[in-house]
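Let's take a walk through this structure together, one region at a time. Have the sequence and the 3D view ready as you read.

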Amino acid sequence: MSGIGDVLETLRRARGLTQADLCAKAEITQAALSRYENDQRMPDGDVVNRLAESLGVSTRFLTRDHAVRGALAVDAHMRRQRTTKASAWRKLEARLNAHRLHVSVLFEDVSMRAEQSVPTFDPIDTTPAQAALMVRAQWRLPVGQVRNLTRWLEAAGCVILEEDFGTSRIDGLSQWIGDHPVLLINAGAPIDRKRLTLAHELGHLVLHNGVATEDPEREANEFAAEFLMPEHVIKPDLRPVTIGHLRDLKRVWGVSMQALFERAYSLKQVSAADRTSFYKSMNARGWKTTEPDSDRLAPETPQLITAIGDTLRARGLTDGEIAELAGFSEDSADNPFAKPTRRLQAV
């Protein structure tokens, strides 16, 4: 058996555990764990069982030779603020990698036929705006605003998971796994920001699949802007570029007032001085960090993962068997395919 080191370290980091934390849970020495994570030694059966239990995975999952092992060292595409602590995004990157491993294992036994696909383009030959329009055309999106972006992404085979990141500085991240992209989105973000993040990550998947460019974040932003707000449709709608009008447009286009203003700025409909004035006004109202009307937008709710679990249960599989298929321990709280537990509410 090989490759336990990468998987062990990824799962540990994904759960926010230090080596000392995992050693205490699995009752092993730190020297031994270090050797396991560096693939200098393979733990015996009893230790593997304790490690798997401590990490919420099955023994079979922990010891298998994962086909995507080599990709664990690759940085995820991530939409985050520049001031984000490295420890925060490294943990989320590990969580995404852990999800990728589980999804890949499940897809070895469960086939998924998507209505569409996520195309990829060479960013040297194709601008972000061109790529956005071609994706819209391939998916046959209606002219204008994109309603229920999550549904369109899932119809193209994207596996979308939501978690509360515990910080507003990171919005989402994504990576390819075989033919299926996996996106991890911050559940705590307002809907308008979530939609921009989904489009931004789609831009990464479309333009940066194994291709290094000088400014991938700018390219993903340009893709998202054209994908959600196509120039030929939105340009006449943007005027007058006032806060009141932008607030009305927000409910139509499902993106933030700030995203709409930045679109107007990129299309040269407002000046740099107008931009400074706009953000001063937003700050004065307290809207720079918390915009109004975000809660009035239609929700973006991933359904594919839940649907896969429901389909497997409809075929007669127990929750324990589904957990084993995906490589989780039966009682793991991280298993997204588990049947949701209903909480009792006081009335």
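In the pairing of strands β3 and β4, I177 stands opposite H180 of β4. Two strands count as paired here if DSSP finds at least two bridges between them, and β3 (residues 170-177) and β4 run antiparallel, joined by 6 bridges. Together β3 and β4 make a hairpin with 2 residues between them, and G178 in the turn has a positive phi of about 60 degrees. The names of strands and helices follow DSSP runs, numbered from the N terminus: helices are H or I runs of at least four residues, and strands are E runs of at least two.

A word on what you are looking at: this is a predicted model, in which local features need pLDDT of at least 70 and side-chain atom pairs count only at pLDDT 80 or more, while totals for chains, interfaces and linings use all residues. Residues are numbered from 1 along each chain as its sequence is written, and side-chain values use heavy atoms, with hydrogens and water left out.

Back to β4 and its other neighbour. Strand β2 (residues 159-163) pairs with β4 in the parallel sense, over 5 bridges, and there E163 stands opposite N186 of β4. How many residues of strand β4 (residues 180-186) are buried? The count is 7 of the 7, so β4 is largely enclosed by the rest of the structure. Buried means under 20% relative accessible area, exposed means over 50%, and partly exposed lies in between (1.4 Å probe, protein chains only). In a regular strand the side chains alternate between the two faces of the sheet. Both faces of β4 are covered, with H180, V182, L184 and N186 buried on one side and P181, L183 and I185 buried on the other.

Next come the charged pairs. Side chains of opposite charge can pair when their charged atoms come close. A salt bridge is counted when a side-chain nitrogen of Lys or Arg lies within 4 Å of a carboxyl oxygen of Asp or Glu, and by this rule there are 25 salt bridges. You have already met one partner: E163 forms a salt bridge with R95, at 2.6 Å or not? The N to O value for E163 and R95 is 2.7 Å. This pair links distant parts of the chain, E163 in strand β2 and R95 in helix α6, 68 residues apart. Both E163 and R95 are buried.

Strand β3 has a charged pair too. D171 and R193 form a salt bridge, their closest N and O atoms being 2.6 Å apart. D171 lies in β3 and R193 in helix α9 (residues 191-207), so the pair ties together parts that are 22 residues apart in sequence. D171 counts as buried at 3% relative accessibility, whereas R193 is partly exposed, with a relative accessible area of 30%. Elsewhere, R247, D248, R251, D293 and R296 are joined into one network by salt bridges that share partners.

Another salt bridge takes us towards the start of the chain. The side chains of E37 and R12 meet at 2.6 Å, N to O, and they link helix α3 (residues 30-37), which holds E37, to helix α1 (residues 4-14), which holds R12, 25 residues apart. E37 counts as buried at 7% relative accessibility, and R12 is buried with a relative accessible area of 7%.

Helix α1 itself is worth a look. Of its 11 residues, 8 are buried, so α1 is largely enclosed by the rest of the structure. Those buried residues are I4, G5, V7, L8, T10, L11, R12 and A14. What covers them includes α2 (19-26), α3, α4 (45-55), α5 and α6. After α1 comes G16, whose phi is positive, near 70 degrees.

Now move along to helix α16 (residues 319-326). Which of its residues are buried? They are G320, I322, A323, L325 and A326. The cover over these buried residues includes α5 (59-63), α6 (86-109) and α15 (304-314), where contact means heavy atoms within 4.5 Å. α16 is followed by G327, which has a positive phi, near 85 degrees.

Helix α15 also leads to our last stop, the second largest pocket, which holds about 440 Å³ of space. Of the 21 residues that line this pocket, the closest to its centre are M112, Q303, L304, A307 and I308. The elements giving two or more residues to the lining are α8 (149-155) and α15, and α15 supplies the largest share, 5 residues. By class, the lining has 10 nonpolar, 5 polar and 6 charged residues; Ala, Val, Leu, Ile, Met, Phe, Trp, Tyr, Cys and Pro count as nonpolar, Asp, Glu, Lys and Arg as charged, and the others, Gly among them, as polar. On a 1 Å grid over the protein atoms alone, a pocket is an open set of points where a 1.4 Å probe fits, with protein on both sides within 12 Å along at least five of seven lines, and lining residues have an atom within 4 Å of a point. Grid points are joined across faces, edges and corners, and the volume is the space filled by probe spheres set on the points.
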